[in-house]
Amino acid sequence: MLHSIAPRLKTIRDKVEAGERLSFEDGVALYQNSAPLNDVGALANIVRERVNGNAGYFNINTHLNATNICVYRCTFCAFRSDLRDERGYVMSDEQIIARGQEAIDNGCTELHIVGGLHHQLKYDWYVHLVRILHTAFPHLHLKAWTGVEINWFEFLTKKSVREILEDLIDAGLGSMPGGGAEIFHPEVRNQICEHKSDASKWIEIHRTAHQLGLKTNCTMLYGHVERDFHRIDHLCRLRELQDETGGFQTFIPLAFHPDNTGLSHIKKPSALMDLRTMAISRLMLDNIPHIKAYWIMLGIGTAQTALSYGADDIDGTVRHELIYHDAGATTPELLTVEQIKRLIAEAGREPIERDTLYRRIERDHANPAAWRVGEQIAVGV
Ligand code: V47
């Protein structure tokens, strides 16, 4: 017998209006096609405006992927290369410093640094990279290495997660990006990245980072082999850690891009799926301050729409993005500050430049590459 979704939606609406937490079952129900997307989006928008008002955050940042050579073979990844593949590269210290200088010259406040788990490079190379950048550019925030990379460093050094993070903080690490989470549920994880750190390891690494005072982000890769309940399970696990530590700043739902990957037979998720996932993320993650619509991955139109479906941030101007462009993203490789502000304003939100730690950035109009950190941004979670 078919059950109507309407009574459950009414219960969910009452909970959202009362600021009550949604259950696992509520989350799964919101994924049903019979739950109208506009209704789900309108509920998420209530939470978005309660938490972040009318703000549309962005930052000015640059990516650095210092090597694409990786021992792992995640089926969803088009970026990785084998050691002897002609696509494989490792950047020299000079190239790394030049990327930092380019960031400074363009007024960036953040370097987003991730890469491959190289077969031969030692732990010291990864720490050294952070140290030389921090020494040369002490005001540039280094958001570096995912939980998966930290787990690889454990394997290389036999040190504890805490010791590794302490080494990296000492070298100049400012925070950690949210990658490597993919889908936590083992039914999916074992199909798409069986060899890399499992859910409990990824969670343990972020817990330890939070205990050491580092802020981190979190992600979920959707639109491949997972089902609705796998996504909701993933969000519930993130929510649980956030209850314990409060250390996550931003959640970024990542839409799978199939080109040049081991899953190229799968169709990329539709814009409707992107918006539904954005909205459900905002509704389930009632304790995470920010939800990011990563424009590189969503495309500009969907990212703009997402600002009314739960998202309050659209990431940065971004230079040198490789992970999505290798997997077929057709978005531009960078936006100017004027373009990013315009697209937020067109979506009816107030563009606010932030740094990685969500402090306002104030710029000198005569010299836009010069900036200073302003007040901490308040949120309603
Ligand atoms: O962990 C890899 C994903 C992630 C593909 O913290 C893919 O601010 C789709 O985590 N199609 C890395 N996704 C990117 C990431 C990120 C991005 C922007 C901001 C932040 C942040 C973090 O990209 C990986 C994986 O989940 N990914 N390949 C692909 N073909």
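A polar contact, as the term is used here, is a pair of N or O atoms within 3.5 Å; within protein, one must be able to donate a hydrogen and the other to accept it, and residues adjacent in sequence count only if both atoms are side-chain atoms. The model on screen is predicted, so local features need pLDDT of at least 70 and side-chain atom pairs count only at pLDDT 80 or more, while totals for chains, interfaces and linings use all residues. Residues are numbered from 1 along each chain as its sequence is written, and side-chain values use heavy atoms, with hydrogens and water left out.

Select the ligand to begin, and then show E182, where an N or O atom of the side chain is 2.4 Å from an oxygen atom of the ligand. Add Y324, which places a polar side-chain atom 2.7 Å from a nitrogen atom of the ligand, and G178, whose backbone offers an N or O atom 2.9 Å from a ligand oxygen. Taken alone the ligand exposes 620 Å², of which the protein buries 95% (accessible areas by the Shrake-Rupley method with a 1.4 Å probe).

Next, widen the selection to the residues with a heavy atom within 4 Å of the ligand: there are 24 of them, and F76, K143, G180, E182 and Y324 are the closest. Colour the shell by secondary structure, and β6 (215–222), β7 (248–255) and α14 (323–326) will each be found to supply at least two residues; helices (H or I, at least four residues) and strands (E, at least two) are DSSP runs, numbered from the N terminus.
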